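Reader: Could you take me through the charged side chains of this protein and explain how they pair?

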Amino acid sequence: MKTTKFLAILIILLLFLTACTKSEKQTEDAFTIKMSGESEHWRIENYVSKITDTQSEFGNGKIYYIGQEKLKQNTAINFFSIEFRLGNEKVVYRKSITADTIDFPQDLKDADLTQNITLDEKSHFDRDIVEKTYAIVKWSVSNGEEHTEKINLHKINDIDGI
């Protein structure tokens, strides 16, 4: 009888300790990072990656044209796309705009750069992969010239309060 009670208490204690350890592990895996970066013609500011146990959110950043040459009416942008990839090449966001003339940068500066991803058991974004995020920007102008630039994002800081 004593042995049965002892085993029951031991099992309950082990289950409790296992649950506590799992809870701590999930908390350690959750993080939020703010990133920025620039290329020759573009700057991305305040791009945020928020990773929790069940969902990831990427975005809330702004993109600006910073090229030396001004965009004149005869070289108006008529196609623009942006794609964000993690260090493992997984695409976490993609958006494109096509028009006769895109009023730039006003149309794109406040573009919604947010994408939510619900994680399954096979997916996980660890800090190293997220910190290697980059963007691919493509655009073409009315005379047919097509351009592509890669923007490596770098961590500005970790954000508390996830």
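The questions and answers below deal with salt bridges and with how exposed their residues are.

Author: This is a predicted model, in which local features need pLDDT of at least 70 and side-chain atom pairs count only at pLDDT 80 or more, while totals for chains, interfaces and linings use all residues. Residues are numbered from 1 along each chain as its sequence is written, and side-chain values use heavy atoms, with hydrogens and water left out.

Reader: How many salt bridges does the count come to?

Author: Side chains of opposite charge can pair when their charged atoms come close. A salt bridge is taken here as a side-chain nitrogen of Lys or Arg within 4 Å of a carboxyl oxygen of Asp or Glu. By this rule, the count comes to 6.

Reader: Is glutamate 83, which pairs with arginine 85, buried or exposed?

Author: The closest N and O atoms of arginine 85 and glutamate 83 are 2.7 Å apart. Buried means under 20% relative accessible area, exposed over 50%, and partly exposed in between, using a 1.4 Å probe and protein chains only. Because its relative accessibility is 14%, glutamate 83 counts as buried.

Reader: Which residue of strand S10 forms a pair with glutamate 131?

Author: Glutamate 131 meets arginine 127 in a salt bridge at 3.9 Å, N to O, and lysine 155 in another at 3.5 Å. Glutamate 131 lies in the loop between helix H3 (127–130) and strand S8 (134–141), and its partner in strand S10 (residues 154–158), so the pair ties together parts 24 residues apart in sequence (helices are DSSP runs of H or I, at least four residues, and strands of E, at least two, numbered from the N terminus). The residue in strand S10 is lysine 155.
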